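Visitor: I would like a close look at a single part of this protein, taken slowly and with its surroundings explained. Please choose one helix and follow what it touches.

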Amino acid sequence: MNFAELNTIFLAVAALVFIAGLWRSRRKGVMVVATTATVVVLLVLTVIFDNVMIASGLFDYAGHTLNGLHVGLAPIEDFAYPLGGALLLSGLWTLLLSQGNDEELIRDLPACVVGQYCLSLCRCVFLGDGSP
């Protein structure tokens, strides 16, 4: 499987979740504007930091898995992750908020998700236990 195939699957799932969230949202315009702004910021940061990391030699890509298009040194395939992440998380957030007590979810969900991910990442990196 190459990066284009992987990205197609990831972006399709993310787009479906975003569309479901948009369908359930009471404030569709706000959701679209906020997600668009998020995507733009993430893409700009991806251009900057991918190019810096590749130029400094932190990582490299096997040429046979890429389609050949680049933005600077960064392969175009790298830009699917910030796009998909923004769509997926916006959709999930909206779907979860529409399920129950909005105030409680707004207050507790970010801390819970971030805390759980940080614990998982620390276990993986420092203990070699599992994956994040």
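Guide: Two residues are said to touch, or to be in contact, when heavy atoms of the two lie within 4.5 Å. With that in hand, we can turn to helix H2, which spans residues 28–55, keeping in mind that what is shown is a predicted model.

A little orientation helps before the details. The protein chain has four helices and two strands, and, read from the N terminus on, its elements run α-α-β-β-α-α. Of the 132 residues in the protein chain, buried ones make up 24%. The protein chain exposes about 8800 Å², of which carbon and sulfur atoms supply 71%. Among contacts between residues at least 6 apart in sequence, 56% join residues that are at least 24 apart, and some of the residues discussed below illustrate how separated parts of the chain come together.

Let us begin with the partner of H2 at its N-terminal side in the sequence, helix H1, which covers residues 3–24. Two packed helices are described by the angle between their axes and the distance between the axes. For H1 and H2 the angle is about 145° and the axes are 8 Å apart, and H1 passes H2 in a right-handed crossing. On the H1 side the contact is made by Phe18, Gly21, Leu22 and Trp23, while H2 contributes Lys28, Met31, Val32 and Thr35. Sorted by character, the residues of this contact divide into five nonpolar, two polar and one charged.

Further along helix H2 lies Val39, which counts as buried because its relative accessibility is 12%, below the 20% limit used for that term. When residues up to four places away in sequence are not counted, Val39 touches Leu83 and Ala86. Val39 can also be compared in position with Leu87: the two are 48 residues apart in sequence, yet their C-alpha atoms are 8.2 Å apart in space.

Thr46 is another residue of helix H2, and with a relative accessible area of 12% Thr46 is buried as well. Leaving aside its neighbours within four places in sequence, Thr46 is in contact with Asn51, Asp78, Phe79 and Pro82.

The partner helix H1 deserves a further word, since residues of H1 also meet later parts of the chain. Val17 has its place in helix H1 and, at 17% relative accessibility, counts as buried. Apart from neighbours within four places in sequence, Val17 is in contact with Leu88, Gly91, Leu92 and Leu95. Between Val17 and Thr94 the separation is 77 residues in sequence and 9.6 Å in space, taken from C-alpha to C-alpha.

Finally, the structure holds one aromatic pair. Phe10 and Tyr81 have ring centres 6.2 Å apart and ring planes at 45°, so the pair is tilted. The pair links distant parts of the chain, for Phe10 belongs to helix H1 and Tyr81 to helix H3 (residues 80–97), 71 residues apart. Neither ring's residue falls in the buried class: Phe10 counts as partly exposed at 27% relative accessibility, and Tyr81 is partly exposed with a relative accessible area of 33%.

How values were computed:
Residues are numbered from 1 along each chain as its sequence is written. This is a predicted model: local features need pLDDT of at least 70, side-chain atom pairs count only at pLDDT 80 or more; totals for chains, interfaces and linings use all residues. Side-chain values use heavy atoms; hydrogens and water are left out. Axes are lines fitted to C-alpha atoms, for helices over the stretch in contact, and angles run from 0 to 180 degrees between N-to-C directions. A crossing is left-handed if the near helix is turned anticlockwise from the far one by less than a right angle, and right-handed if clockwise. Ala, Val, Leu, Ile, Met, Phe, Trp, Tyr, Cys and Pro count as nonpolar, Asp, Glu, Lys and Arg as charged, and the others, Gly among them, as polar. Buried means under 20% relative accessible area, exposed over 50%, partly exposed in between (1.4 Å probe, protein chains only). Accessible areas come from the Shrake-Rupley method with a 1.4 Å probe; for residues, only the protein chains shown count as cover. Rings of Phe, Tyr and Trp (its six-membered ring) pair if their centres lie within 6.5 Å; planes under 30 degrees apart count as stacked, over 60 as edge-to-face and the rest as tilted.
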